[in-house]
Amino acid sequence: MIPSQVNFHKPNSLSEALDLLSGNQDAKLLAGGHSLIPLMKLRLNEPDSVISIGNLAELRGISDSDGSFKIGAGTTHSEIAMHQGLRQVLPVITQAAASIGDIQVRNFGTIGGSIAHADPAADWPGALLASGATLDLASQSGQRKVAASDFFQGFFSTALNGDEIITAIIIPKPPAGTRSGYLKFAQPASRFAIVGCAALVSGDPIAEIAVAFNGVSDTPFRDAGVEGALKGKTLSEEVIAKAASMAADGRDILSDHHASSAYRHHLARIYAKRTLNSLM
Ligand SMILES: Cc1cc2nc3c(=O)[nH]c(=O)nc-3n(C[C@H](O)[C@H](O)[C@H](O)COP(=O)(O)OP(=O)(O)OC[C@H]3O[C@@H](n4cnc5c(N)ncnc54)[C@H](O)[C@@H]3O)c2cc1C
């Protein structure tokens, strides 16, 4: 289908984009277009204006300071997947990026667009929750920081206000020696996650542990049951199998034409086990 007519704006700076957005909160921001354009073509979303932010230099790139990585919201999945510093320190981030869609999707789609869209099957949320990321949001009235754990609020629902733009994602560097990874059971056509599991482990016995899921529920979550079963233990196949058997217990698990809730629950246990086994 063809989208309905829109007014197209191409600001040259973040402040110009914020001005345009504040004057019209029904406008949609356009980054990589890989979620918004399909929705507009299906006329599930018919904004009267589109504000293109895909070319804004202020939103692009990855910087590495002492304590954290800062990823511009307009950075593509491909750029993140190929970043050497992230690959060495936080493979959970580069593995999540590399697992998204296909090469065209990764070359156009951006981390900010994916987070704002908040598809329950998207790959970023689990990796960002597990790594303790914070999001930088800007509006005409100022800036604020929101923890990833507070940002995702439900099915395609976030803490983002209509006049705000995500400008960056800040990911703290974990303690030296931390192992991390992301694995998913992908929907074979789109590669979206039916279940995705991200984990970070440090210390032996385990001092810090984070295990997070996307695709399982309408909102991504950290799994306190699995984490609690691992903390203070030495990773072994037996310890992991016991902890993974608790994955997603007590959660409201999605059911759709791709996977029933019982099958997703089974996959959550399997992918918790596989992800943690990959960190031994
Ligand atoms: C065939 C196909 C396969 C895919 N497979 C996967 C997959 O396996 N895993 C996965 O996670 N995703 C997948 N995706 C989604 C893909 O990652 C998208 O790129 C991503 O979800 C949206 O990013 P975008 O830059 O294209 O955003 P856009 O489509 O441009 O925008 C999406 C939404 O975010 C808003 N937005 C964009 N940038 C910002 C910002 N900086 N601040 C605030 N709001 C903003 C827009 O207004 C819009 O509402 C797939 C998409 C396609 C088409």
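**Questions on a predicted model**

Reader: How do the residues of the shell around the ligand divide into nonpolar, polar and charged?

Author: Ala, Val, Leu, Ile, Met, Phe, Trp, Tyr, Cys and Pro count as nonpolar, Asp, Glu, Lys and Arg as charged, and the others, Gly among them, as polar. In these classes, the residues of the shell around the ligand divide into 16 nonpolar, 12 polar and three charged.

Reader: Which residues that surround the ligand are the closest?

Author: This is a predicted model, in which local features need pLDDT of at least 70 and side-chain atom pairs count only at pLDDT 80 or more, while totals for chains, interfaces and linings use all residues. Residues are numbered from 1 along each chain as its sequence is written. The ligand is surrounded by 31 residues (a residue is near a molecule or strand if its C-beta atom, placed from the backbone, lies within 6 Å of it). The closest of these residues are Gly-32, Gly-101, Gly-109, Gly-112 and Gly-113.

Reader: Which element gives the most to the shell around the ligand?

Author: Helices (H or I, at least four residues) and strands (E, at least two) are DSSP runs, numbered from the N terminus. Two or more residues of the shell come from each of β2 (28–30), α2 (36–41), α6 (103–108), α7 (111–117) and β10. With five residues, the element that gives the most is α7.

Reader: Which helix gives the largest share of the side of domain 1 that touches domain 2?

Author: The chain is divided into domain 1 (7–52), domain 2 (60–172) and domain 3 (179–277), with bounds that come from an automatic or database domain assignment. The C-alpha centres of domain 1 and domain 2 lie 19 Å apart, and their contact (C-beta atoms, placed from the backbone, within 7 Å) takes 13 residues from domain 1 and 16 residues from domain 2. The largest share of the domain 1 side, six residues, comes from helix α1.

Reader: Which strands stand at the edges of the sheet of β4, β5, β10, β6 and β7?

Author: Strands of a sheet pair through backbone hydrogen bonds, either parallel or antiparallel. Here five strands form an open sheet in the order β4-β5-β10-β6-β7 with antiparallel pairing (two strands pair if DSSP finds at least two bridges between them). One side of each edge strand is left without a neighbour in the sheet, because each has a single partner strand, and the two concerned are β4 (62–64) and β7 (142–147).

Reader: At about what angle does α1 run to β10?

Author: Axes are lines fitted to C-alpha atoms, for helices over the stretch in contact, and angles run from 0 to 180 degrees between N-to-C directions. Helix α1 lies across β6 (134–139) and β10 (165–172), and its angle to β10 is about 125°.

Reader: How many bridges join β11 to β12?

Author: In the open, antiparallel sheet of order β11-β12-β13-β14, β11 is an edge strand that pairs on one side only. Strand β11 and strand β12 form a hairpin with six residues between them, and Tyr-182 stands opposite Ala-198 in β12. The strands run antiparallel, and the number of bridges that join them is eight.

Reader: Which strands does helix α12 lie across?

Author: Helix α5 (residues 91–98) lies across β11 and β12 and runs at about 20° to β11. Helix α12 (residues 261–277) runs at about 35° to β12 and lies across β11, β12 and β13.

Reader: Is Ala-248 buried or exposed?

Author: Ala-248 is found in the loop between α11 (237–244) and α12, and its phi is positive, about 65°, although it is not a glycine. A residue is buried if 20 or more other C-beta atoms (placed from the backbone) lie within 10 Å of its own, exposed if 12 or fewer, and partly exposed in between. Arg-191, which also has a positive phi, of about 75°, has 16 C-beta neighbours inside 10 Å and therefore counts as partly exposed. Ala-248 has 25 other C-beta atoms within 10 Å, so Ala-248 is buried.

Reader: Which residues is Gly-225 in contact with, leaving aside its neighbours within four places in sequence?

Author: Gly-225 is found in helix α10 (residues 224–230), and the C-alpha atoms of Gly-225 and Ala-244, 19 residues apart along the chain, are separated by 9.0 Å. Leaving aside neighbours within four places in sequence, the contacts of Gly-225 are Met-246 and Asp-249.

Reader: What is the omega of the peptide bond from Asp-204 to Pro-205?

Author: Pro-205 has its place in the loop between β12 and β13. The peptide bond that leads to Pro-205 from Asp-204 is cis, with omega near 5°.

Definitions and conventions: Contact = placed C-beta atoms within 7 Å.
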